[in-house]
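Me: I would like to learn how to read the way helices pack and how a pocket is described. Could you take me through it step by step?

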Amino acid sequence: MTKSALDIFAALIADHNKHRKLLEQIEAADKDARLEHFAAFALEAKAHAAAEEQALYSVMMANPDLTSKARHSVAEHKEIEDLIDEIAELDVGSKKWSEKFAELKHEYLHHIEEEEEEMFSAADEELTNTEERDMGAVFKDRKPKEKAAATVGED
């Protein structure tokens, strides 16, 4: 994989690692802190997914060899976002919240592991270094904007 300051894959993996830590913090937190950690995770995950779709998956969709992988990941982003919004509407102290959070954590970890182990290497094989640098720049530009526009719960 390319090694530039705007390496798309390194940026995405760094975010994934941040998200893994936030999920652990949510799980370990008491009821009051759990809400704060969950809101931070929700905004981060939504901004990451939107920027990732614009930077990486839009380019992958245009490549016939990568289209189905990109569609799969984008569909998983939607499922995860829906789960986040569903959880945000639940009482943080309820059994239902804990069950839905466990489902979210499982689905999210599966998703990012699949991206890291399959998607990124497939994209790296098909895309040029220039495309990857450009995608890194798009991701770096879009993520803060997407985070500013993200919401937790139903709009």
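Reply: What follows goes through two helix contacts and then a pocket. This is a predicted model, in which local features need pLDDT of at least 70, side-chain atom pairs count only at pLDDT 80 or more, and totals for chains, interfaces and linings use all residues. Residues are numbered from 1 along each chain as its sequence is written, and side-chain values use heavy atoms, with hydrogens and water left out.

Me: At what angle do α1 and α2 pack?

Reply: Helices are DSSP runs (H or I, at least four residues), numbered from the N terminus, and axes are lines fitted to C-alpha atoms over the stretch in contact, with angles from 0 to 180 degrees between N-to-C directions. Here α1 (residues 8-28) and α2 pack at about 160°, their axes 9 Å apart, and they are therefore roughly antiparallel (over 145 degrees).

Me: Which helix do the residues Phe38 and Tyr57 of α2 help to meet?

Reply: Contact means heavy atoms within 4.5 Å, and by that rule α2 residues including Phe38 and Tyr57 meet residues of α3, among them Val74 and Ile84. The axes of α2 (residues 31-61) and α3 (residues 67-88) come within 10 Å and cross at roughly 160°, which makes α2 roughly antiparallel to α3.

Me: How much space lies in the largest pocket?

Reply: A pocket is an open set of points on a 1 Å grid over the protein atoms alone, where a 1.4 Å probe fits, with protein on both sides within 12 Å along at least five of seven lines, and lining residues have an atom within 4 Å of a point. About 220 Å³ of space lies in the largest pocket, a volume being the space filled by probe spheres set on the points. Its lining has 16 residues, of which Lys46, Ala47, Ala50, Glu81 and Glu146 lie nearest its centre.

Key
Helix = DSSP H or I, 4+ residues; strand = E, 2+ residues; numbered from the N terminus. Parallel < 35°, antiparallel > 145°, perpendicular 65-115°, else oblique.
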